[in-house]
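Colleague: I'm new to this one. Could you walk me through it and tell me what backs each claim?

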Amino acid sequence: MDFLLDSEQEALRDAVRGLLAKAYDTSETRRAATKKDPGWDEKTWQRLAEMGVLGLPFAEEDGGMGAGPAEVSIVAEEIGRVIAPEPFVEAVVLAGGLVAAAGTAEQRAEIIGALAEGTLVPAFAHTEPGSRYDLAASGVTAAESGDSWTLTGVKEPVLGGERADLLIVSAAVDGGTGLFVVKGDADNLTRTSYTTYDGGRAAHVAFAGTVATPLGAAGADQTEAIAATVARAQIAYGHESLGAMDTALKTTTEYLKTRKQFGVPLMTFQALTFRAADMYVSLELARSTVSWATLVLLDGGDAAQAASRAKLQVSKAGRHIGQEAIQLHGGIGMTAEYSVGHYMSRLTAIDHTLGDGRHHLNQLMANLVDHTVVEPLP
Amino acid sequence: MKLQLSAEDAAFREEMRDFFRTKVPQHIRDTVAARRELSKEQIVESVQVMNAAGIAVPNWPVEWGGKDWTPLQRHIWHEEMQLACVPPPLAFNASMVGPVIAAFGSQEVKERFLPKTANLDIWWSQGFSEPDAGSDLASLRTTAVKEGDEYVVNGQKTWTTLGQYGDWIFTLVRTDPEVKKQAGISFLLIDMTSPGVEVRPIELIDGGVEVNEVWFEDVRVPAENLVGEENKGWDYAKFLLGNERVGVAPVGSTKRTLSQAKEVAKTAGPGGTSLLDDPLVAAQFADLENELLALELTALRVVANSADGKPHPASSVLKLRGTELQQAVTELVVDLAGPASLASGAGDGSDIADWARVATPNYLNFRKASIYGGSNEVQRQIIAGTILGLRG
């Protein structure tokens, strides 16, 4: 059992950290990038592609780098550290992951190759108004006529829905939920984009008999592929949150050291330093569970359960650290000009993507009597 | 990065699991499982079974009976013991005075005390806290004045856990009142049968008597009972308290208690129904299991990644969070018992299950956990100051 990175993984971390530290040297650069569409920086995305980051988790024969969950976790954490707005988890881990899990060899080669090169950005169109965190699709339905398929219904909010060159769409099929590929410029597809509170973009995506290509076998139920990929994305989001929480805590402790009131630094006041200590406790506990979840993925264990455990811990820690980071700063923490508020916004957005703490607590409650104790090691 | 234990560690875990479940007498394990108080004889017997197998004091130097185990193996030893309902070796002997004597005592003191300390032939008590020296331990006032080749000790110690069983007591005493308070303290071993030593019990809120006051009135202690150098006692105490924090997060026993609670909850509802069907109860179980997992994984991170001998920064989280969860689980058990928890004094002829009778005394008793071993406020101070660099 080992939680440490090997030297190649450390090199990857340092390289990604270096790249992102340069791209987002201040919170103002990040803010500027999120102000104009698509809400992130195409040049930074291209640099990530050149570094091999966008193809990391995919098989080499599909055009990927043949790395795995450990490498994904490293990148996600660095993304979170500067809350880089580039859609690494959304486009690579989630949308790309679905193609890898469900696509035919031909689809994998075509889509993943282009994704890894940075020339094609996919998005997963799954959430429907009112569907909450359901893994099944119901509001968008797929119909077969002759040898082609069409989709009808609405997906919203679809993260990165308008910028996406390709939508991977979940839709109700006979006997379950299928996956379909729809080109961004398809006929009978309407995408209405808006901003999200964390600086991102989401879209109302309406399908009106839109022609779609089944991802993998035509009309097949892809619930398993969706669940497996979503678990990977949930764990990756956990790592992105760790990076963000780490920075939020560092920023807060730095502020307590330097900000003076009543003629003394804020760290003179134990009421404040004890709360910072509790933030550290939350962060370390979340780090343990999220890192473990990645080890479970590597080990081929129960990924859905591990992902729920990680997401629950991160939900609690993210709220705690985000809220306290602002409170310990005082008024400056409320301003858009200062960084910590954006960290809280991002943590809140991640919390409500692919299941918040309460949702995952419910998942764990359902399995309560399956075990006497929770054993972390196989 | 990998999840699996190495083949060697997995075999070690099997060996420990087998030992604790087959070699430690069942009556001892049953008492622990029932969350009832162990007798002195049971505690001694359990340690001696372990010591005979050479695994009672693995944290000591090898020449004094220790084991050349990795931190991970020591963790596995400790966890398997708790999961098997085996009481850990008496902390005063195994984790406190033993390592101090082994590190700082003269060869003569080592030979005189260490074998008997490992085997619990000597039951040690701890004489650190005083009425006016709790978290601020260095302000202690018990004095030891050198007269010829003896020290004359006067003063009062308190919170001496299981002092009623004590043969010897290791104390911090003031040997130089003129210098900075930390610089005038010595580490002195005192025979509790010496004239002038008096142990007075303190009844606690759970009705039990596990702590005591220990009074010293002109107690004459041979100078050879000094550990290390005079006035260096504070350094030895810091070494000891550093060790104390390591084993103070009882993950395994809390896990075991929570799983026992889940088992009894299945029939603790009205008419024998399951309380786990109550979503509020189920949510509490699921949440506590997840929090305990996070704690256990943090402990594993600390032991797996502290090969260089330096304490992992996250280790300070363990005492703080470990005791919070220990307390949360004892609180949950009281809630599961409901009105049955009032039957704490019930004896034969009661229809109330034993677990429900002991629930509240346990809950009350474990309020101590966030106070001893460096109170949780002291832990927050350490995290804020040492890890985050926030120094007021």
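Modeller: Happy to. Keep in mind that this is a predicted model. Let's start where the chains meet: 41 residues of chain A are in contact with 39 residues of chain B.

Colleague: What makes a pair of residues count as in contact here?

Modeller: Their C-beta atoms have to lie within 7 Å. On the side of chain A that touches chain B, the elements giving two or more residues are helix H7 (223-258), helix H8 (270-299), helix H9 (303-329) and helix H11 (357-366) of chain A. H8(A) supplies the largest share, 16 residues. By type, the residues on that side of chain A are 28 nonpolar, eight polar and five charged.

Colleague: What scores does the predictor give the complex?

Modeller: An ipTM of 0.96 and a pTM of 0.95. Chain B averages a pLDDT of 94, and 97% of its residues score at least 70.

Colleague: On to chain A. How do you know whether its radius of gyration agrees with a compact globule?

Modeller: Set it against the rule: a compact globule of 378 residues would have a radius of gyration near 21 Å, and chain A has 21 Å, so the two agree. Its C-alpha trace spans about 80 × 50 × 40 Å along the principal axes. Chain A holds 11 helices and nine strands, and 54% of its 378 residues count as buried. Of its contacts with a separation of 6 or more, 74% are between residues 24 or more positions apart.

Colleague: And how does chain B do against the globule rule?

Modeller: Chain B has 12 helices and seven strands. The rule gives 21 Å for 392 residues and chain B has 22 Å, which is close, so chain B is as compact as a globular protein of that length. Its C-alpha trace spans about 75 × 50 × 50 Å along the principal axes. Buried residues make up 46% of chain B.

Colleague: Why is A:Pro265 called partly exposed?

Modeller: Buried takes 20 or more other C-beta atoms within 10 Å, and exposed takes 12 or fewer. A:Pro265 has 18, so it is partly exposed. This proline is found in strand E9 (residues 264-265) of chain A. Leaving aside neighbours within four places in sequence, A:Pro265 is in contact with A:Lys257, A:Thr258, A:Arg259 and A:Lys260. A:Pro265 and A:Tyr255 are 10 residues apart in sequence and 8.9 Å apart in space, C-alpha to C-alpha.

Colleague: Which residues touch the most other members of the largest nonpolar core?

Modeller: That core has 225 residues, and the ones touching the most other members are A:Leu98, A:Ile168, A:Val169, A:Phe180, A:Met245 and A:Ala276. Take A:Phe180: not counting residues up to four places away in sequence, its contacts include A:Trp149, A:Leu151, A:Val169 and A:Pro214. In soluble globular proteins, nonpolar side chains tend to be buried together.

Colleague: Last one: how do you know whether the span of helix H11 of chain B agrees with its number of residues?

Modeller: At 1.5 Å a residue, the 12 residues of helix H11 (residues 354-365) of chain B should span 16 Å, and the end C-alpha atoms are 17 Å apart, so the span agrees. Among the buried residues of H11(B) are B:Trp355, B:Val358 and B:Tyr363. The buried residues of H11(B) pack against helix H8 (251-265) and helix H10 (315-337) of chain B.

Notes: Residues numbered from 1 in each chain as written. Chains lettered and ligands numbered in written order. Contact = placed C-beta atoms within 7 Å. Helix = DSSP H or I, 4+ residues; strand = E, 2+ residues; numbered from the N terminus. Nonpolar A, V, L, I, M, F, W, Y, C, P; charged D, E, K, R; others polar. Rg over C-alpha atoms; globule rule 2.2 N^0.38 Å. Expected span 1.5 Å × (residues − 1). pLDDT = per-residue confidence, 0-100. Core = buried A, V, L, I, M, F, W, Y, C linked by C-beta atoms within 7 Å.
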